[in-house]
Each structure stands twice: as C-alpha cells, then as structure tokens.
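Grab your viewer and a coffee, and let's work through a few exercises on this two-chain model. Each task comes with a solution that goes step by step.

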Amino acid sequence: MSTPHQKLERNGMGFALMILFVASLGGLFEIAPLFTIENTVEEVEGMRPYTPLEVAGRDIYVREGCYACHSQMIRTLRSDVDRYGHYSLAAESMYDHPHQWGSKRTGPDLARVGGKYSDTWHVAHLQNPRDFVEGSVMPGYSFLSETPLNTHPLEGSLIALRRVGVPYTDAQIDTAMVDALRQADPFANYEGDLQDSYGPNVQVRDFDGQPDRVTEMDALVAYLQMLGTLVDFDSFDAEANNR
Amino acid sequence: MKSELDEASGQHTTGHEWDGVKELNTPVPLAFRVSLWLTIAVAVIMWVLYPSWPGVADYLKGTAGYSSRDRVAEAVADRQALRLQQMPEFAALDIYDLAEDPTLEARYAPAISVLYRDNCAACHGRDLKGQTNFPNLTDDHWLWSGDPGEIEYTLQVGINHTSDDTRWAQMPAFGDGMLETEDLLSVVEYVLQISGSEHDAARASVGADVFENNCVGCHNDGGIGGYENGAPSLVDDAWIYGGSRSTLRETLQYGRAGVMPGWQGRLTDEEIKKLALYVLWAGQDGPN
C-alpha cells in the first residue's frame with residue numbers, strides 16, 4: 001500500500017540526497033551560464049572602462065536613486081528601438097558594477113541619452129525639470145551645481161572596480177583624481193592624454209557651464225553624455241552577434 | 001500506523017497519529033495535477049523549439065530558429081516600410097522639392113509633431129517657441145539661413161556637437177583679454193542701439209567703431225548677421241540668450257557656444273527631412 005513517495009520519506013539518507021539534488025538545481029541554473037559568459041557578451045569596438053569623472057557621475061546617479069525611475073535597457077521590442085535607438089547590448093553593461101538596467105520607467109530610458117541633448121539643457125533640466133518638461137515629476141537637483149566634486153574616493157573606486165573585473169591599469173588608477181578634474185577642464189590641455197589612456201571617445205569639456213570649478217553636476221552630465229555612445233555600431237556585426 | 005477512512009469527509013487519513021489527532025490525506029484535485037504535468041510538457045516543447053540550455057561553448061538554439069534580435073530588426077524594418085508607404089514623398093523627393101509642395105503640411109504635420117515632441121520639444125518647446133538658450137523656431141530669424149537644405153544639414157550634423165562634420169559657431173569671450181572693459185561696454189550700447197532698445201547714444205557711437213573692428217567678420221556690417229558663420233542678426237528683436245544690457249555684457253564677456261545635437265545616426269534620413277520641413281513650416285507660419 002505504500003507509494004514510492006512514502007518509501008522515500010521513510011529513508012532519511014535518500015531523502016536528504018534528494019533535497020540536496022533539487023536545491024542544487026537552483027544554483028546550477030544561476031551559475032552555469034556564467035561559465036559561458038563569452039557567448040553572451042558581444043565583441044564590439046569602442047567599449048571602454050569609464051573614466052574617473054564618469055565613474056564619479058555614475059556614483060552620483062546611484063546615490064540619487066536615478067535608477068528608481070530611469071532604466072538603462074533598450075529591450076528588443078520595436079517600440080523601444082523606435083523611441084530610444086539600437087537595443088542595448090550585453091557588452092554595454094560589461095563594466096557596470098552593479099548594472100543600472102532598472103526595472104521601471106517613470107522617466108524615459110537613458111541607455112542612449114548621450115549626445116541627444118546639449119550640456120546646457122542637461123544642467124538646466126536637472127536644476128528645474130519643469131522648466132523644460134511640462135508635468136514632469138522629476139525632482140530638481142540644483143545642489144549638484146553647488147557641490148564641488150569630491151575626487152578623493154575615485155582611486156579607491158577604480159581599485160574596487162578592477163577587483164571585480166574592470167581592466168583599469170595601474171597608471172589609470174594612479175592618475176584617477178587628476179584625470180577626473182581635467183576631463184571637465186578644456187583648458188587643461190589634457191584631452192590627448194585622456195584619450196590615449198581611455199580611448200578616442202572620451203569627451204573633454206566643461207560640462208556644467210562653470211569653467212572655473214568642477215562640481216558634481218560636471219560628473220553627472222559627463223556620465224549622461226557618455227551613455228550609449230561608446231559602442232561603434234558601424235562596425236557591429238549584428239549577424240554574428242545574434243541571440 | 002494505518003490509514004483509515006474518515007467518515008465525515010470521505011477521505012483517508014495519513015496514518016499518523018499525534019495524541020489522538022489524525023491528519024487527512026486528501027489528494028490534490030485532478031485538474032491541478034493535470035495542469036502541473038501539462039506545464040512540464042509545454043516547458044519541454046519550448047526547450048526544443050526555442051533557445052534554452054547553455055552548453056559548454058554554445059547554447060541550444062532551438063529548432064524554430066527564433067532570435068529576439070532578428071525579430072526586432074524585422075519589426076523595425078516593417079514599420080519603416082509602412083511609414084514610407086504612408087508618406088512616400090519623403091523617400092522619393094529631396095528637401096527642396098518637399099518644401100515646394102504646399103499640400104504636405106496639412107496632410108503630415110500631425111504625424112510629424114509626434115516625432116518633434118519626442119526629439120526636439122525638450123529644448124525648443126512643444127510650441128516650437130524655444131526658451132532662453134534655445135532658439136525660437138516659429139519666427140523667420142535664422143542662424144544658418146532658412147534654406148531648406150541648410151535646415152536639413154543643421155539637423156543632420158548639429159552645431160558645436162561631437163560629430164566630426166558638425167557646424168561650428170562660437171561667440172568668443174571678448175572679456176578674456178580681447179577687448180578693454182570700456183570698449184566692451186560701448187559695444188553693448190551699440191548693440192542696444194541697433195536692436196532698437198534704450199541706449200547711451202554717446203557710448204554707442206564709440207561702440208560702433210569697436211564693432212566695426214571686431215564683430216563684423218561674423219555679424220556683418222551693421223550687425224545684420226551672417227549665415228555663413230551662424231552669427232545671429234543683432235538688429236531684430238529676437239534673442240537666444242537675452243537682449244538686456246546685463247545679458248549682452250555677459251555674452252560679450254564670456255562668449256557663447258550653443259549646442260544643437262546632430263541627429264544623423266539617431267534618426268533616419270526620412271525622419272530628418274520630416275523634421276526639417278516641420279521647422280520650415282513653423283517659420284513660415286509664425287510672425288515675421
């Protein structure tokens with residue numbers, strides 16, 4: 001009269017092994033794909049680690065909780081591609097720790113916001129969003145223009161990022177603080193050095209409209225203006241990277 | 001330890017007994033069991049049809065040949081084809097021919113306004129009237145001329161943007177050692193004069209000479225503006241940054257270099273033509 005289940009229930013060792021097997025499946029499904037990550041991350045031109053100023057801007061983005069209302073993930077849906085541009089690639093998040101894909105759009109997706117608006121617009125809009133977008137519920141962030149950028153944590157940030165796989169060089173880590181300040185200073189005559197170090201798609205200019213100081217606004221706008229601009233889609237082989 | 005029939009419910013018990021308390025062993029309803037096995041069956045079918053299991057160097061691609069990236073590329077291409085079909089003029093004609101067709105505005109302006117609002121309204125406003133730092137598109141004052149091809153080109157490459165072939169226009173910072181403060185203030189009065197504002201006539205006449213020596217290269221004789229440099233006219237009452245004494249002084253002191261993003265790559269050629277035409281219509285319809 002006893003079913004196989006009842007027999008198993010009465011066999012302590014066998015039941016423990018079954019529990020172990022079933023529980024390990026969950027882990028397997030999460031861990032196994034990581035061993036084939038090379039299949040997932042596309043081979044692209046132009047993707048590079050973020051510059052220290054962009055890292056600082058990204059930290060402000062995370063600190064202010066921008067991800068709660070803005071996604072950075074253009075899905076493979078026509079409506080998304082029509083409005084925001086080429087769907088996001090895995091490669092575009094490969095230096096994000098943690099990624100900023102988000103899960104909700106109270107505001108628009110920002111994955112390709114870089115270059116869509118001018119710096120002037122970003123600064124003025126961050127200061128008072130309702131001056132530009134009627135009915136916007138975004139808070140104002142005018143204090144970013146008043147807050148000098150604290151560059152001290154940047155060296156540590158880059159070291160931490162390297163530890164989780166972002167290929168920063170020793171030289172890049174050593175000059176992190178000065179790199180951040182000089183990316184926001186077009187008169188520092190440092191554009192070439194930064195581009196040699198990081199790549200030709202580094203944008204050097206005064207981002208916040210205050211040439212004589214480097215503020216958190218500089219960092220955040222530098223980060224926003226970089227978003228989605230790194231990958232060279234002219235050389236992107238869509239066929240080979242089909243998923 | 002024996003299963004018994006519980007008369008009240010008609011179900012068997014588990015056979016366990018805890019201080020006289022027994023537990024019913026009611027089976028899960030048949031519909032639940034059937035749907036459990038059905039979902040498992042569907043999952044197996046999906047594994048076969050669609051991309052599923054990761055392998056060592058690759059993954060199971062599925063027999064249906066499905067790829068979400070292929071799917072979206074097709075959907076985007078289909079929609080573009082549909083738009084061309086609905087607005088065939090924009091693929092067939094160049095911007096000059098389009099500008100000459102007076103019937104297009106009534107037919108297509110509502111559809112194009114969606115594109116405008118999505119990409120341009122953030123700076124130039126939903127009503128196209130612009131705001132401080134961002135030019136008004138409804139008047140007939142142009143920076144690079146109101147020629148349809150020039151408007152299209154500005155939309156393509158932008159002004160002072162990051163692309164290599166962008167238009168380049170910069171108002172230098174004359175306060176940065178290029179002009180003495182006195183001269184700079186005189187030029188401000190001259191600009192106030194030629195734009196028809198209240199001004200200091202004596203200073204303005206001094207300013208006229210300074211203007212002649214420093215500004216006409218871009219702004220032209222008398223400050224009428226120059227399309228080849230994107231230099232605005234100073235004799236009308238339209239201002240990008242403001243025409244007050246203090247704002248003019250700020251402009252001369254620190255310079256200006258407004259940025260218009262280039263849309264090549266972000267928008268299709270047809271979309272850029274649509275927007276160029278939309279801007280042209282707004283300029284024709286608005287007050288002069």
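The exercises below go from the interface to helix packing and then to local details.

Some ground rules come before the tasks. This is a predicted model, where local features need pLDDT of at least 70 and side-chain atom pairs count only at pLDDT 80 or more, while totals for chains, interfaces and linings use all residues. Residues are numbered from 1 along each chain as its sequence is written, chains are lettered from A and ligands numbered from 1 in the order in which they are written, and side-chain values use heavy atoms, with hydrogens and water left out.

**Exercise 1. Describe the interface of chain B and chain A.**

Step 1: take contact as heavy atoms within 4.5 Å. On that rule, 29 residues of chain B touch 31 residues of chain A.

Step 2: get the buried area, meaning the accessible area (1.4 Å probe) that two parts lose on being put together, summed over both. It comes to about 2700 Å², with carbon and sulfur atoms giving 52%.

Step 3: look for salt bridges (a side-chain nitrogen of Lys or Arg within 4 Å of a carboxyl oxygen of Asp or Glu). The rule finds three across this interface. D118(B) pairs with R83(A) in a salt bridge, with the closest N and O atoms 3.4 Å apart.

Step 4: ask which elements of chain B take part. Helix 2 (68-86), helix 5 (104-119) and helix 6 (121-124) of chain B each give two or more residues to the side that touches chain A; helices here are DSSP runs (H or I, at least four residues), numbered from the N terminus. Helix 2 of chain B has the largest share, eight residues.

**Exercise 2. How do helix 8 and helix 9 of chain B pack?**

Step 1: fit axes as lines to the C-alpha atoms over the stretch in contact, with angles from 0 to 180 degrees between N-to-C directions. Helix 8 (residues 181-194) and helix 9 (residues 201-214) of chain B then give an angle of about 105°, with axes 7 Å apart.

Step 2: name the arrangement. Helix 8 of chain B is therefore roughly perpendicular to helix 9 of chain B, a label for angles of 65 to 115 degrees.

Step 3: list who meets whom. Among the residues in this contact are L185(B) and Y190(B) from helix 8 of chain B, and V206(B) and F211(B) from helix 9 of chain B.

**Exercise 3. Do the same for helix 4 and helix 8 of chain A.**

Step 1: the axes of helix 4 (residues 52-63) and helix 8 (residues 154-163) of chain A come within 10 Å and cross at roughly 90°. So this pair is roughly perpendicular too.

Step 2: P52(A), V55(A), A56(A) and D59(A) of helix 4 of chain A meet L154(A), S157(A), L158(A) and L161(A) of helix 8 of chain A.

**Exercise 4. Find some local details in chain A.**

Step 1: D82(A) and R78(A) form a salt bridge at 2.9 Å, N to O. Both sit in helix 5 (residues 78-84) of chain A, four residues apart, about one turn of the helix.

Step 2: check the backbone. Most residues other than glycine have a negative phi, and most peptide bonds are trans. H97(A) and P98(A) are joined by a cis peptide bond, with omega about -5°. N189(A), not a glycine, has a positive phi of about 60°.

Terms used: Angles under 35 degrees count as roughly parallel, over 145 as roughly antiparallel, 65 to 115 as roughly perpendicular and the rest as oblique.
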